[in-house]
Amino acid sequence: MATTLPPLAMHRLVRLVIALMWLIIPLGVVVWHNSTTPFGGALAGALSALGDSAWLTLLVTLTTSALVLIAALAGAGGKHLNATWASFIAVPHVAFAIGLLWLISPSGWLVRVVDALLPMWQGPIQSSWLSVKSTFTLMVVLILKELPFLLLMAQANAQHMPIQRWQQQAQALGYSRRRFWWLIVVPALLKRIRLPLYIIAIYTVSVVDIPLLVGPNAPALLAHEVYQLNWQFTDDTQALVSWGSLFLVVIAVVSVLLLRGLEWVLQRWLGYLALTGKRVRAAKSSVKRMTTPWFWVLLAMSVFISLLLQSGQQSWFYPSLWPQGWQWSRWLTEWPYIAPLLYNTWILAALSATLAWLSAIALLEVQAQGQQHQLHGGWLAMLMIPQLVLVLGWQQTIGPDNGFIGLLWSHTVFCFPYAYLTLHGAYHAYPRRWLWQARSLGYGPWAAWFKVLVPMLKRPLALAWAMAFSISVAQYLPTQWLAPVTHPTLTTEAVSIASGGDWRLGSVYALAQWASVWIVFMLALWGTRARN
Amino acid sequence: MKYVFLLLTAISIMGFPTNSSARGKPTSVYFYAWGGNPAVNDYIRWAAKELRPKGIQLQHVKVADIAEVVKQLVDGQSNADLIWINGENFHALKEADRLMPVLTELNIKDRLNDQLSWQSDFGEPVADLEVPWGVGQFYLLTCATCFAADHISAAELLEYAAEHPGRIAYPKPPEFHGTTFLKSLLLSLSEQDEVFRKPIEAVDAAKLTEPLWAYLDELQPLLWQGGENYPSSAAQQLNWFANKQLDVAPSFNPNEVKTLVNQGRVPAGTKRVTLGSAAISNSHYLAIPESSGHPQAAKQVIKFFLSEAAQRKKADLSGWGDPTVLDIALLDTPAMLPAAAEFHVSWQAYLEQQWQQRYPR
């Protein structure tokens, strides 16, 4: 190929094709649809109907993003990616919320333990803090679910910073380990995790399934409100849906700007502290990094145990600590119906992950050859727009009943940016002199790439594929709105069962979903572990 | 690692339905129906199995809310062959002229139980466009010791709420159980019921609903979380009721007081109590969209669903337990509740809007 096209033209072509496939065409459809659809109703009416939801959404987004950011910065010195993190990221969102509620809700297991220990006390509690449905509960669920992703990104970035060297210098200057971390590492890290942070913020703006389950509804979050309005069929609700989608985009932009402002303030403040701060004479030697994130292990375990027990119980009412009856046969009777869904889910996820992954690799290679090592935000554009707005635009343009290709395309659009983001750090940190040496030993460009780069980067490559796979498995809106008949998946089925609130059957599907992703992550980790 | 892959492949292949074995290609019927109730899903699975020898592949397309499909049908973008609807959804489809006349052609009218007044769907004449499938009656599931009587008036409910603050709730309208809760209160508070069967344009709706809003102003602070949040669905409320966070949960199936106990969804001893002197009753229907690609097969499916065997199976308390629409006697099912006529469909949107303007903020 390189012989027919000069390298620069080849690079441009690769970029163009990737941009067309996963950015320009999907985005163009939505823009075209929205600009050709007449905007009904007045702004004032829409504001009075959706204004409260919009404010609440902005508030929840900023609070959760800021807290997740601080927690991730504090925890980024921990251990690098391991099986715990991967397992945790693999938990389907709704399953996680269900598992967590089972533990902490007012009639949850922890309250039942208290009830059992204090016979005087008459439960369940009537709290509106960790109630089954409140803004606070929603934020707890979102923070716990989003934090591992940002931690992972922060840790991956910290790996590529010369922290050891900085720390020696800082210690020589008398900084304590904690001050060193916050005053020297964090300012550098802040800039690097900017994009993942924005992705979390946008996700919070547009997430629907978690607010439906645990979020407030008087008023509800905006995406939740728009999602429900879209089911109604009068003209004025349709006008509200258009306005709501526009508000979602505005909130997304405002959140990102405010988070950028927060970063600026933090930088200033930390810089000020660094200039004026005290130092200790003899700094303590660096504390060994925490090896196992126990909190997350326990959380993941309790969510898993909750789902497993739920999937096998026949009845389990407050205040019983243990199910009152079992029905494990549910797994057997349900299996013939789960199997085709597993197949649908896996095929779709494997294909879209592979497409996304190959595109990400091609793009990163082209960028590396062009000496562009910066993470370019434009490639993550599809994660910067609320998903509801995108999928709604596609559905209204191409209709609700599409073939496999359209569905595959929609999934890949969302898998690609994650594959790119996950692989970016490791790919650009790769010392490319190895490739030149291989070339000088007589390998062709392809051979050098396959025989030298791939084996050295096999773990990040495998994890990027697993990440893309997990993103596809989790997609609800694109699947349900673009191809509900031809391609039901575990996720669409799980959501429709969840609408009936029977968590015994819901847990069977949630576990099947979780297992699908978990197996892929574990294969990626074990298959690429370093052999001594 | 290889073995894991092999095992997974083997398992997944074993589980696949083998469609290829059927003689000739069966006709697919895409049946769009709410997918939230495992007992209903199991019933539709059973029906699909029974229909396969007749050359029909009944595919249950599970939706979280049937309104999703109604909107697609109105927009002219749907592949649904058969839908499960009533009330507002039927009204919208009838208005948009999206349904195929089927009832007369199927020739089942004589076998239907006319006492159910299925001829009118929320005050809207069925007009040959849909076929009754089952019956709904609105009441509250409640704990064994909460209420002594088997029906309570709006005033008694308020009294109970004052004694037990935070123990009563209703799903947030426009969720239909929530809206029906409001209707029941309105019936109980008004002396009359005839007026509510008329379209709102024909009556003084503002004056008629005044007692309801005055009542709700008193009830609201006594609700779960002081009325600051609501259950999103009847299903959610049912789970909270089952775990003693609430004392009531709404239901639209008069047999559910038995089936839910059988299924282990609510504790034994759960009772049913009617809100007001009678339960608001309606039917739910099957309809075939004009745009259906397989109308003949869809009619076959309706015929099957209305057969005595299928209706008996549907009413079976070990499964779904939905009352039959046929004029047949069923043993062992709880008696139907005294019935109150459903409101005219135009009240639905009116009550929802009025409620929304007053309460959620």
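## A low-confidence stretch, and the model around it

Let's start with a weak spot: over residues 11-22 of chain B, pLDDT stays under 50, and the model has 10 contacts for this stretch beyond four places in sequence. Keep in mind that everything here comes from a predicted model, so a confidence score such as pLDDT tells you about the predictor's confidence in each residue.

Chain B as a whole has a mean pLDDT of 90, with 93% of its residues at 70 or more. For the model, the scores are ipTM 0.84 and pTM 0.87.

## Chain B in outline

What is chain B built from? Its elements include 13 helices and 12 strands. With a radius of gyration of 22 Å, close to the 21 Å that the globule rule gives for 361 residues, chain B is as compact as a globular protein of that length. If you follow the C-alpha trace along its principal axes, it spans about 65 × 55 × 45 Å.

How much of chain B is tucked away? Of its 361 residues, 50% count as buried. Now take the contacts in chain B with a separation of 6 or more: 80% of them are between residues 24 or more positions apart.

## A four-stranded sheet in chain B

Here's a piece you can trace by eye. Four strands of chain B form an open sheet in the order E8-E10-E7-E9, and the pairing is mixed. E8 and strand E9 (248-251) of chain B stand at the edges with a single partner strand each, so one side of each has no neighbour in the sheet. As background, strands of a sheet pair through backbone hydrogen bonds, either parallel or antiparallel.

Which way does each partner of E10(B) run? Strand E7 (residues 139-142) of chain B is antiparallel to E10(B), and three bridges join the two. B:Leu141 has B:Arg272 in E10(B) as its bridge partner. Strand E8 (residues 151-152) of chain B, on the other hand, pairs with E10(B) in the parallel sense over two bridges. There, B:Ile152 has B:Leu275 in E10(B) as its bridge partner. Strand E10 (residues 271-275) of chain B is largely enclosed by the rest of the structure, because four of its five residues are buried.

## Two domains in chain B

The domain assignment splits chain B into domain 1 (25-135 + 282-331) and domain 2 (137-281 + 340-358). Their C-alpha centres lie 27 Å apart.

Where do these domains of chain B touch? The contact involves 15 residues of domain 1 of chain B and 17 residues of domain 2 of chain B. On the domain 1 side, helix H4 (residues 87-95) of chain B gives the most, with three residues. Sorted by class, that domain 1 side of chain B has five nonpolar, seven polar and three charged residues.

## Two domains in chain A

Chain A is divided too, into domain 1 (1-36 + 328-532) and domain 2 (42-325). The C-alpha centres of these domains of chain A lie 23 Å apart, and 37 residues of domain 1 of chain A are in contact with 37 residues of domain 2 of chain A.

Several helices of chain A each supply at least two residues to the domain 1 side of this contact, among them helix H14 (329-369), helix H16 (404-429), H21 and helix H22 (503-527). H22(A) gives the most to that side, with 14 residues. The class count for the domain 1 side of chain A is 28 nonpolar, seven polar and two charged residues.

Helix H21 (residues 490-498) of chain A deserves a second look: it is mostly covered, with nine of its nine residues buried. The buried residues of H21(A) include A:Leu490, A:Glu493, A:Val495 and A:Ile497.

## Where the chains meet

How many residues of each chain are in contact with the other? The answer is 47 residues of chain B and 46 residues of chain A. On the chain B side, the elements that give two or more residues are helix H1 (2-15), strand E2 (56-63), helix H3 (67-74) and helix H9 (234-242) of chain B.

By class, the side of chain B that touches chain A has 19 nonpolar, 19 polar and nine charged residues.

Terms used:
Residues numbered from 1 in each chain as written. Chains lettered and ligands numbered in written order. Predicted model: local features only at pLDDT ≥ 70, side-chain atom pairs only at ≥ 80, totals over all residues. Buried ≥ 20, exposed ≤ 12 C-beta atoms within 10 Å, placed from the backbone. Pairing = 2+ DSSP bridges. Domains from an automatic or database assignment. Contact = placed C-beta atoms within 7 Å. Nonpolar A, V, L, I, M, F, W, Y, C, P; charged D, E, K, R; others polar. pLDDT = per-residue confidence, 0-100. Rg over C-alpha atoms; globule rule 2.2 N^0.38 Å.
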